[in-house]
Amino acid sequence: MAAGTWRRTDHLNGIRRWQERGTGAANDESIASNSIVGVHALPDRRVVYASAEPAWGWLESTPSGYANHSFGSALADFRNARDTFRLSRDGGAVAFPLHRNGGSGGVVGFDVVQLQWTSPQAQWKPSSAGKAPMVVADWFESTMPTMNQRRIVLNEAELSMTVAVAPNNAGFALGTSQHVRYYNANGKELWRVAAPGTTWQVNISENGRWVVAAFSDGTLHWYAAQDGSEQLILYAHPDGRRWVLWSPSGYFAAGPGSEDLMGWHLNRGKDLAADFFPASRFRGNFYRPDVIAKVIEMGDIQQAVRLADADADRKPRTEVAGVALPPVVEILAPLGEVSTSKADVTLRLVIRSPNDAPVLSVRVRVNGLLQPETRLAGSPDTSGAFGREITVKVPADDSEIQVFAENRNGVSTPAVVPVKWSGARPRDTTPGNSARNDLSLAPKLYLLAVGMSKYRNASYNLDFAAKDAADFSEAMALQKGSLYRDVEVKVLTDGKATKDDVLDGLEWLKREVTSRDVGILFLAGHGLNDNAGNYFFLPYDGNPEQLLRTGVAQNDIKLALNSIAGKALFFIDSCHSGNALGTAKTRGVVDVNAVVNELASAENGVIVFAASTGRQFSREAPEWGNGAFTKAVVEGLTGKADFRKTGIVTHKALDFYVAERVKELTNGQQSPVSITPSGISDFPIALVKR
């Protein structure tokens, strides 16, 4: 076999196979959209390959040839996108193709001011190589580009890849294999910055303020045209849902389930492996969508911070990531997957924590379920590390153990141990089989549903939030004697949903749910963020001017849900505006992403269904008789999400149905999302009665 940069007529790089040890006929296989950089034959006749997307996979022999099992890149491919890489006039929104290397996909838009996906607009401009009196030529894959027939000098082996001339001919940007360069109208280089990868595209906003570049590492960067200072970086995941946007100083905004796409790499010296801390570990200090949204307007991250702090009446923060580190948990033994037939697995681990922030506790989750908390005794050694053993009970099935440590700075990322069960398995209790006939094996469901249509202040009123809570509760109550051996429901609506009532309901939910059970919280009504970005649900007696005293805080919700011993689900459909919009009223929060990401973090273990994302509004309308989100959820639970007609609706199937149905109902103007913490497998949440 041989492979490399050779491309077939289908524009994919191929592998050629010669039979009879190279003396026979050749057969070709299309494999990748970039150079194939490694091929290795395995003893079982499979062939493993790697390509420069980066991607990898293997070829498996079949009667009809070879089957390709590929694991593609998670990077958007910005090559050959010159006509579709377009900018809004102020540089605050960008259009680009969203697909993995060599794949197919449409052109999407992202608005870095509104912090959300958007539809590309016709008036957004692609880049231009200019016209008289300024023309840049020979700029594609060239070592000798020119401006008005004068050569532009590059480094040795540096290739020019893309160019953009400013709309007023004040200058031009050149993207190369090594740099982004900016020149004035006379061809003098004003600045250059090192590129994180090949610069596939570059564009200049019509107002001349921003240079935006797209790189082979899948990121887009915003540079101030004046001095080349880097201000924003966007990573848009090819799944079209996740995104994270950050400044070089560390402030960031992120879509639901997206915080861990970016983080801090901290070295520990030449003899020790570095630590990586996902952005979620620093959410409290650096999650600042209010700052990120102001960068385009202010032109500088420091000015954006000052303005955002002034708007929110907050004191400036001076912390950096290295000052307030959470612990780090390392599993010393066993290494890799554990195979066991015993109910207990013993882990030997070490926990490192800064000297000024000792470890306070250790918690363990198995398949996402919280185990009894383990407290650390004693003191760390001189290196600030704890060494200890923990024995964890595991089910008679394949499972995943997650170990977390906490100090005053936060919670560690989980140390993960997969467990392969090798012992006898209990009889099948999968819903739809024996559990239908033996309800003693089935879990119990506890549901707290809060819906606010009528407030003490009538100006906050909505139409269908209370009905949403009642309809959702009715749909889940139908599961009594089916999926669940019993269903206990507390419905709090309107005047019966004061702050005290809701807090009592949260305490009830936390207290009653055992490790065998399922706990669900459903909130429909108004939600608000305070000046610090904290989320509050507005109860009947809530006052937006006194959120701390009258609102149900994000922390109250988190403490209740992450303490649930069984499976925990959170359905949230809340808003900050009751203004009419067409025939629908709006529900949404200033920024719901923060509460969604926090609750769905692995250490909290909550499956979250959110009616909308970020700054979107969620909608309700008379023709639906509900909010769009609840209508879709109830439809899904009562059978529409049973795609395989097995009589079972799982939470992932419900997620898929709700996402598509709400987009259909709202003509794409509302995008619900569901986030499942790592370690939790798909499981049934409803059975369909036929």
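The following exercises treat backbone geometry in a predicted model.

**Exercise 1.** Determine which peptide bond at proline 133 is cis, and locate proline 133 relative to the strands.

*Solution.* Begin with the omega angle: between alanine 132 and proline 133 it is about 15 degrees, and the bond is cis. Next, place the residue in the chain. Proline 133 belongs to the loop that connects strand E13 (130-131) with strand E14 (134-137).

**Exercise 2.** Carry out the analysis for proline 334.

*Solution.* The bond running from alanine 333 to proline 334 has omega near -5 degrees and is cis. As for location, proline 334 sits in the loop between strand E29 (328-333) and strand E30 (338-340). As background, most peptide bonds are trans.

**Exercise 3.** State the sign of phi for asparagine 80, then classify the residue as buried, partly exposed or exposed.

*Solution.* Phi of asparagine 80 is near 55 degrees, hence positive, in a residue that is not glycine. In general, most residues other than glycine have a negative phi. Asparagine 80 is located in the loop between strand E7 (65-71) and strand E8 (86-87). The cut-off for an exposed residue is over 50% relative accessible area. Asparagine 80 is therefore exposed, because its relative accessible area is 79%.

**Exercise 4.** Examine the phi, location and accessibility of asparagine 169.

*Solution.* Asparagine 169 has a positive phi, near 60 degrees. The residue lies in the loop between strand E17 (160-165) and strand E18 (171-176). A residue counts as buried under 20% and exposed over 50%, with partly exposed in between. Asparagine 169 has a relative accessible area of 25% and is therefore partly exposed.

Definitions and conventions
Residues are numbered from 1 along each chain as its sequence is written. This is a predicted model: local features need pLDDT of at least 70, side-chain atom pairs count only at pLDDT 80 or more; totals for chains, interfaces and linings use all residues. Side-chain values use heavy atoms; hydrogens and water are left out. Helices (H or I, at least four residues) and strands (E, at least two) are DSSP runs, numbered from the N terminus. Buried means under 20% relative accessible area, exposed over 50%, partly exposed in between (1.4 Å probe, protein chains only).
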